[in-house]
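Have the sequence and the model open side by side for this one. We'll start with a single chain, look at how two of its helices pack, and finish with what it touches.

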Amino acid sequence: MIPAQFDYLAPSTVEEALAALAQHGDEAKILAGGQSLLPVLRMRLNAPEMVIDLGKITSLRGVRDDGDAIVVGAMTQHSVVGSDPLVAEHAALVSKAVEHLADVQIRHRGTFGGALAHADPAGDLGAPALALGAQFVIQGPGGTRTVPAEEFFVDLFETAIGEDEILTEVRLPKHTGWGAHYEKFVRVAHQWPIVAVAAAVRVDGGSIAEARVGLTNMGNTPVRAHAVEQALVGQPATPDGVRDAAARAAEGTNPPSDLNGDADYRRHLATVLTRRAVLTAAGATG
Amino acid sequence: MTATEARPEAEAPEREIGRERRRKEDQRLITGRTRWTDNIQLPGMLHLAMVRSPFAHARITSIDTTEAKQSPNVVDVVTGQDLAETQGVLINAWPITPDQKTPTHLPVAIDRVAFAGEIVAVVVARSAAEARDAAELVDVEYDELPAALDLKEAATDTVLAHPDLGSNKSAYWVFDSGEAGTGGNVDDAITQARDSGGIVLEREYRQQRLIPAFMEPRSTVVDPTGEQLTVWSATQIPHILRFALAATTGIPESKLRVIAPDVGGGFGGKLQTTPEEWITVALARRTGKPVKYTETRSESLIAAHHGRDQWQKLTLAADREGNVTGLKVQLLADLGAYVSLVGGGVPVLGAFMFNAIYKFPAYHFAVQTVLTNKTWTDAYRGAGRPEATFAIERLMDELAAEVGVDPLEIRERNWIKHEEFPFTTVAGLEYDSGNYEAATARAKEMFGYDELRAEQRRRRESGDPVQLGIGVSTFTEMCGLAPSRVLGQLDYGAGGWEHASVRMLATGKVEVVTGASAHGQGHETAFSQIVADRLGVPFEDVEVLHGDTQVAPKGLDTYGSRSLVVGGEALVKASDKVVEKAKTVAAHLLEASADDLDFSGGRFTVRGTDQGVAIQEIATAVFAAHNLPDGMEPSLDSDATFDPVNFNYPHGTHLCAMEVDTETGALRMRKYVCVDDIGNVINPLIVSGQVHGGLVQGIAQALWEEAVYDDSGTLVSGSFVDYLLPTSADTISFEVDHTTTPSLTNTLGTKGVGEAGTIASTPAVVNAVVDAVRHLGITDIRMPCTPERVWRAIQDAGSGTEPTTGAAAPHFDASTGMEGTVDRTAGAQDGAQQ
Amino acid sequence: MVRINLTVDGARVADDVEPRMLLVHYLREKLGKTGTVVGCDTSNCGACTVHLDGTSVKSCNVLAVQADGGEVTTIEGLAQDGQLHPVQEAFRECHGLQCGYCTPGMIMQSVDLLKDNPNPSEEEIRLGLEGNLCRCTGYHNIVRAVQHAAGAGGTQAAGQTEAVQA
């Protein structure tokens with residue numbers, strides 16, 4: 001319950017943070033909202049010598065409109081993202097996912113960038129970010145680079161962020177007018193999702209014109225259900241129209257087996273939840 | 001005569017008993033002005049951290065404490081060897097048979113560990129953080145031994161949990177109605193049913209392992225700096241703790257003071273004498289300083305005792321109409337690594353309850369307790385009775401399905417009719433009162449039973465993906481532990497009485513001392529109501545003192561729904577003695593004969609006159625002692641020790657509606673109604689709280705909770721991430737009501753309520769889940785009924801697999817998805833940003 | 001050691017703390033604010049919930065150094081001028097607590113919930129408290145308490161129906 005000793009820095013700019021990272025290397029951990037890191041430190045599953053707290057870097061907070069994308073600062077709290085009108089209008093899928101992320105207290109503290117950088121495949125933000133084709137802005141000693149979502153999630157708890165780099169913001173391409181739904185399956189409310197499906201669809205004249213579907217906890221990273229997306233195009237937004245496409249949700253996935261379900265059960269769940277998510281998303285557009 | 005009676009408040013609203021008094025306890029609890037053990041800070045206090053075995057079964061080959069001892073502010077690092085006999089030993093108070101195998105249980109293991117989580121070394125440091133830092137530096141080498149983990153396998157002795165004992169089989173305990181003369185021979189009944197075309201149901205049910213998971217982690221503080229050793233502990237049983245410490249450490253009982261301050265829940269989980277308590281005492285004595293140990297939640301989950309964990313083999317014989325002719329129960333009960341305080345007594349407490357509310361002519365019960373290399377088990381809310389109630393209430397639903405009648409109908413055919421009380425059961429207990437018909441009728445009405453059955457039919461006929469099931473549980477339990485004579489017959493190591501003192505203070509205020517030690521139940525309020533009524537003093541003037549052996553020297557503590565029905569009765573008797581003494585004084589002061597005095601509303605009056613004196617005035621007069629009857633001792637204070645002559649038998653009818661999403665196996669509770677008969681009610685508000693909380697714990701066994709070990713004996717559900725307690729978002733509001741037949745075994749007419757909800761609700765929920773999918777050919781789903789298990793049962797049924805009948809139930813199916821888990825926290829060890 | 005300055009229950013405090021010290025331990029051990037308690041080590045139980053700069057947080061999941069410059073309100077700072085907060089009153093009135101261990105966190109989260117949504121539905125209350133575990137009450141009377149505090153609960157506090165004459 002008590003972390004091992006560490007030193008602590010709370011830089012006020014990204015540059016200072018990067019300098020500290022450069023100095024301490026792999027002995028340092030970045031602290032964002034801390035809602036995943038602090039439990040790990042308390043359980044002494046990790047004992048960094050230096051913790052670099054980004055909490056005082058105000059430039060990393062906030063949501064802004066940047067033309068074709070909504071930009072979310074990495075240190076923006078979930079509760080802020082969840083109630084942000086820009087996000088709700090242009091990236092509704094993210095709003096829906098944040099609504100069910102952890103609990104209220106965690107949403108007050110936890111940050112958008114921190115959760116994505118943690119890269120837990122059972123985290124609620126990876127699938128919507130992937131589905132919407134988010135771009136991850138990463139700053140390092142050599143400057144800034146932008147990584148697409150497909151390349152950002154590398155493996156279990158592993159991302160494209162280098163050891164000397166910091167995720168500064170996430171660009172969410174606008175999906176204005178799209179219907180969205182995040183269908184999360186848990187046994188008890190405070191649990192990580194057993195499986196969840198993030199679906200955004202553009203309905204045109206009663207048919208699905210475009211679809212984006214991401215899966216939570218169906219592999220070592222969030223998974224994009226390309227087969228479903230392609231099969232949905234042109235289908236009527238009805239249970240019969242969606243069923244066959246949704247049945248392809250588990251294709252190419254590699255879900256875990258654990259206390260809450262074997263892999264085959266998760267594959268089955270993915271198909272049912274995908275159908276429900278897509279239908280609800282389609283209904284949301286009227 | 002069992003017509004139910006109205007509650008007292010309907011007749012006499014000015015009486016305290018029956019009023020929804022807001023709790024006296026709450027003011028401090030809602031403002032944070034609390035005294036949890038972990039809040040205690042004493043000058044120079046030292047802190048402990050435990051080094052625990054990661055292995056389920058291993059020989060300790062070496063322990064190197066050198067580096068840990070050099071860590072900053074470390075005072076000492078000790079092993080079991082260092083403490084040797086000064087650490088004492090943990091006791092089993094209930095050897096259920098004379099030849100029970102009971103492994104020695106040392107607080108700190110010396111040469112061998114028998115479960116993952118057992119303590120092998122202890123660090124003493126100036127702060128808790130520094131103690132933890134040093135604990136990481138203790139280097140223990142183990143020689144891993146094969147571990148006995150699976151209960152059934154352990155019962156075959158292929159791997160021994162304690163090699164020196166030669167067997168894992170600890171004790172075999174039997175009750176047979178033929179031998180006891182309380183009924184017929186069950187094997188004859190089964191044979192007859194088989195031969196005569198009757199019904200013989202064979203089922204095997206699993207009571208999964210549960211964790212009490214009280215919200216306050218256990219904590220112990222020991223101060224050795226006074227003449228007496230003072231022990232604060234988050235315990236349900238300060239008196240038993242004091243006795244056991246004295247008996248095993250050589251500290252005279254008179255030199256020990258045990259205090260249970262505010263205690264944050266127990267549910268049986270703090271009905272234990274623990275290694276951590278013994279260690280804290282040993283190190284306080286060794287260092288001469290106040291010492292504190294507070295466990296983490298993870299430590300609590302792996303090392304505080306677990307509950308349930310049984311396999312139940314059941315054979316029920318009946319005629320074609322569903323009249324039960326015999327019940328045979330064969331249990332395997334997992335003790336874990338040691339025989340705990342109550343230990344094998346838990347299944348024995350269930351032995352008298354499998355026949356429940358029914359008139360079974362023949363009954364046989366046998367339990368084999370088994371040692372394994374897992375966390376030790378003991379009481380968890382209900383202790384033995386939930387297991388029994390689950391088995392019989394599941395069976396009655398199966399019997400109804402077999403006969404083809406409504407589950408309530410089959411129960412009515414078998415239950416004791418209200419005019420048949422008092423009734424001596426096939427297990428030899430005398431049920432004093434009850435009215436199963438009345439509770440059931442009321443529950444059906446509240447539930448809208450017929451409408452929900454109609455909806456169930458519609459959903460079945462239309463093939464709705466969401467099916468509806470209705471579950472029934474008509475439970476009873478024995479509570480109010482317990483007549484000392486009965487406990488003696490069962491070889492329990494103590495009695496079942498309770499003690500109370502009532503003290504009239506000079507100012508007319510009243511101090512009440514009870515030996516029942518509360519941990520959230522609201523004793524201070526309910527006991528004040530009883531005494532206020534009895535003495536006729538204001539509720540606010542009664543102060544209830546408890547939980548400190550120096551304040552309340554005699555007591556047997558709180559468990560088994562005993563506080564009110566045993567402890568409350570002691571209070572009544574002590575109060576009545578106070579009134580008797582006061583009456584003598586009143587007669588003296590009023591210059592009247594005691595025979596001419598009436599006592600009412602706290603006032604003695606001379607019959608036929610307006611002369612009178614209040615009990616408070618008498619208290620002042622006795623304090624002054626200027627003018628008392630000749631030879632009278634100047635005190636009104638009185639003690640009473642009450643030993644019940646019988647248990648009492650609350651009962652009730654619980655109805656549950658569950659929706660099953662057949663596509664995913666997801667479950668949703670739609671409605672839950674319960675009508676309990678708990679006799680007269682002292683405080684309806686407190687009762688409602690006990691019922692609601694009990695219900696959710698029972699529902700949680702049905703749906704969510706399970707302590708799961710992996711193949712190496714590591715507790716996989718070792719944190720609140722994986723041991724799934726329900727939240728507000730997972731539960732619903734309940735519809736609770738009562739019928740009342742007063743108990744005849746205590747003067748207040750009360751019956752226990754603390755465990756009722758938990759005992760009743762588990763089978764109601766599982767019956768509802770099974771009922772929703774029974775038409776698909778499903779007859780059982782193992783607890784907890786996870787979505788995956790429900791979904792698999794539907795898949796298996798739909799795929800033409802044999803329906804799960806008889807002992808070939810899904811219990812034997814290994815494909816329950818319990819292997820392996822992703823550690824949510826482990827992954828963050830890499831360089832990822834948080 | 002790091003120097004921190006903050007306001008706790010209206011009082012300004014300053015201390016040197018180890019960076020690893022959790023806010024909940026700072027409150028309990030340095031300030032003696034033992035009303036706030038620790039119930040788990042995985043941030044599931046919510047017993048340690050306090051308000052930090054106006055919103056509810058789990059104080060086991062915040063380092064004391066992160067609260068530097070901030071304003072903390074604990075269960076001990078909720079009552080004003082000897083008057084209980086309406087949510088505290090409601091928990092007592094509706095028997096929304098038994099052992100009381102989860103109660104400080106439960107009350108602090110309920111206050112936060114009602115601040116954001118003064119008239120929550122039962123479902124909104126249940127979802128809003130999902131980060132707080134209680135083992136005693138079955139949540140029934142906690143939900144009633146929040147409804148009561150919101151003025152939506154009426155007078156039927158504890159869900160206890162009338163005694164029955166059968």
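With 166 residues, a compact globule ought to have a radius of gyration near 15 Å, and chain C comes in at 17 Å, which agrees. That radius is taken over C-alpha atoms, and the globule rule is 2.2 Å times the number of residues to the power 0.38. Keep in mind that this is a predicted model: local features need pLDDT of at least 70, side-chain atom pairs count only at pLDDT 80 or more, and totals for chains, interfaces and linings use all residues. As for labels, residues are numbered from 1 along each chain as its sequence is written, while chains are lettered from A and ligands numbered from 1 in the order in which they are written.

Along its principal axes, the C-alpha trace of chain C spans about 70 × 30 × 25 Å. Of its 166 residues, 69% count as buried, meaning that 20 or more other C-beta atoms, placed from the backbone, lie within 10 Å of the residue's own. Now take the contacts in chain C (C-beta atoms, placed from the backbone, within 7 Å) with a separation of 6 or more: 58% of them join residues 24 or more positions apart.

Chain C has five helices and five strands. These are DSSP runs numbered from the N terminus, with H or I over at least four residues for helices and E over at least two for strands. Read from the N terminus, the order is β-β-α-β-β-β-α-α-α-α.

Next, a helix pair. Helix 2 and helix 5 of chain C pack at about 135 degrees, their axes 8 Å apart. Axes are lines fitted to C-alpha atoms, for helices over the stretch in contact, and angles run from 0 to 180 degrees between N-to-C directions. Helix 2 of chain C and helix 5 of chain C are therefore oblique to each other; that word covers whatever is not under 35 degrees (roughly parallel), over 145 (roughly antiparallel) or 65 to 115 (roughly perpendicular). Pro86(C), Val87(C), Ala90(C), Phe91(C) and Glu93(C) of helix 2 meet Ala145(C), His148(C) and Ala149(C) of helix 5.

Finally, the neighbours. The contact between chains C and B takes 52 residues from chain C and 56 residues from chain B. On the chain C side, helix 2 (86–93), helix 3 (103–116), helix 4 (122–128) and helix 5 (140–149) each supply at least two residues. Chain C also meets chain A, where 25 residues of chain A are in contact with 24 residues of chain C. Helix 6 of chain A gives the largest share of the chain A side, five residues.

Notes
Contact = placed C-beta atoms within 7 Å. Buried ≥ 20, exposed ≤ 12 C-beta atoms within 10 Å, placed from the backbone.
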